[in-house]
Amino acid sequence: MAVNIRVKVHPVVLFQIADSYERRSQDNHRVIGTLVGSVDKQCVEVTNCFCIPHKEYEERVEADIVYAQDMFELNRKVAPQENLVGWFATGNEITSHSALIHDYYARETKDPIHLTLDTTLTNGKMTMKAYVFVPFGVPEATNGSMFTPVPVEVTANEPEIAGLDLLHKTKYMKMRSVEPMPDLTKVSEAANKLENMLDVLLKYVDAVLQGTEVPDNAIGRTLWDLVQSVPKMTTVEFEKMLNSNLRDLLMVIYLAQLTQTQLQLNEKLSMISVNNIREMAKIIQSD
């Protein structure tokens with residue numbers, strides 16, 4: 001596999017790895033498992049994973065291969081679009097057994113990746129690294145392979161972002177629980193968050209113009225792309241578009257509440273019908 005690939009990991013993968021590490025046997029100092037997802041050109045996207053029972057000794061590794069194959073087949077039935085893309089292990093370094101485990105996954109799929117997650121928080125944070133197995137050596141002579149690091153990042157879709165926002169709020173809650181917010185409250189909170197971010201951005205731009213802040217070319221290019229991505233429209237057109245979206249949102253909320261009311265009414269009517277039938281049955285039996 002080329003070393004110019006990128007690895008994207010979804011948050012649910014990190015949660016499952018951390019949960020597997022917390023539930024591990026006391027005899028194991030780390031856990032390993034299979035990564036599933038998709039490969040698109042030079043990008044590997046990891047969307048799910050599952051742990052594999054194993055034991056490590058000084059000179060060998062014992063893993064339940066049958067369990068791994070069964071779990072992968074079950075996952076294919078639920079999510080047929082997900083393929084085997086590699087394997088993971090907890091820890092912050094490559095061990096002497098990593099090559100043995102990687103050799104198995106290399107037989108199961110082409111060019112698997114290896115993901116490590118430091119669940120012990122050695123550096124004060126959960127460090128994540130990704131590797132590919134790259135051959136090296138002189139042609140027609142002694143050859144070998146080595147784990148080469150590749151860029152890795154966390155990515156999330158809209159439902160995952162909403163879930164992460166709720167989880168982040170529990171950080172400041174004594175009860176460690178939070179209720180989902182109504183849709184209009186989410187819109188209001190997002191608008192306030194956007195306004196605060198724009199204030200920070202304006203302060204940075206003013207500081208750069210006044211010479212009190214050192215300009216950053218990367219930030220400048222990002223701001224330029226951001227400005228160019230904003231659709232060109234007048235104030236009247238923008239207000240019309242915003243009001244139209246708000247009306248659609250209010251209509252969806254109204255229909256959802258109406259459906260909920262109808263379901264509750266149907267449930268009560270069903271209970272009344274059942275009670276009437278029972279009363280009639282008692283009268284018939286008494287006659």
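Which backbone nitrogen does the side chain of T90 reach? Keep that one in mind for a second while I set the scene. What we have up on the screen is a predicted model, so everything I quote today is computed from that model.

Okay, back to T90. Its side chain reaches the backbone nitrogen of V31, at 3.0 Å. T90 sits in strand β6, which covers residues 83–90. Is T90 buried or exposed? It's buried, because its relative accessible area is 5% and the cut-off for buried is under 20%. If you skip the neighbours within four places in sequence, T90 is in contact with I17, Y21, R30, V31, L117 and T119. So V31 turns up in that contact list too, going by the 4.5 Å limit for heavy atoms.

Let's stay in β6 and look at V85, which lies in that strand. V85 counts as buried, at 5% relative accessibility. What does V85 touch, once residues up to four places away in sequence are set aside? The list is L35, V36, G37, S38, V39, V44, V46, D111, P112 and I113. Take I113 from that list: V85 and I113 are 28 residues apart along the chain, and their C-alpha atoms are separated by 6.4 Å.

D111 is on the V85 list as well, and its backbone deserves a minute. Most residues other than glycine have a negative phi. D111 is not a glycine, and yet its phi is positive, at about 50°. You'll find D111 in the loop between α3 and β7, with β7 being 113–117. At 32% relative accessibility, D111 counts as partly exposed.

Now the loop between β6 and α3, where H97 has its place; α3 is 98–108. H97 counts as buried, with 8% relative accessibility. Again leaving out neighbours within four places in sequence, H97 is in contact with R30, E56, Y57, E58, E59, R60 and V61. R30 may ring a bell, since T90 is in contact with R30 too.

On to helices. Two packed helices are described by the angle between their axes and the distance between the axes. Here I'm looking at α1, residues 11–22, and α4, residues 158–169: their axes come within 10 Å and cross at roughly 50°. That makes α1 oblique to α4. Which residues make the contact? From α1 we have P11, V12 and F15, and from α4 we have E160, L164 and L167. Sorted by class, that's five nonpolar residues, no polar ones and one charged.

Cysteines next, for anyone thinking about reducing agents. How many disulfides does the structure hold? Zero. C49 is in no disulfide, and its nearest cysteine sulfur, that of C51, is 8.5 Å away. C51 is likewise in no disulfide, with the sulfur of C49 as its nearest, at 8.5 Å. A disulfide needs the two sulfurs within 2.5 Å, so this pair doesn't make one. As for accessibility, C49 is buried, with a relative accessible area of 8%, while C51 counts as partly exposed at 25%.

Last stop is Q228, in helix α6, residues 217–229. Q228 is partly exposed, with a relative accessible area of 41%. Its C-alpha atom is separated from that of T155 by 24 Å, and the two residues are 73 apart along the chain.

That's my tour, so over to you.

Definitions and conventions:
Residues are numbered from 1 along each chain as its sequence is written. This is a predicted model: local features need pLDDT of at least 70, side-chain atom pairs count only at pLDDT 80 or more; totals for chains, interfaces and linings use all residues. Side-chain values use heavy atoms; hydrogens and water are left out. Buried means under 20% relative accessible area, exposed over 50%, partly exposed in between (1.4 Å probe, protein chains only). Axes are lines fitted to C-alpha atoms, for helices over the stretch in contact, and angles run from 0 to 180 degrees between N-to-C directions. Helices (H or I, at least four residues) and strands (E, at least two) are DSSP runs, numbered from the N terminus. Angles under 35 degrees count as roughly parallel, over 145 as roughly antiparallel, 65 to 115 as roughly perpendicular and the rest as oblique. Ala, Val, Leu, Ile, Met, Phe, Trp, Tyr, Cys and Pro count as nonpolar, Asp, Glu, Lys and Arg as charged, and the others, Gly among them, as polar. A polar contact is a pair of N or O atoms within 3.5 Å; within protein, one must be able to donate a hydrogen and the other to accept it, and residues adjacent in sequence count only if both atoms are side-chain atoms.
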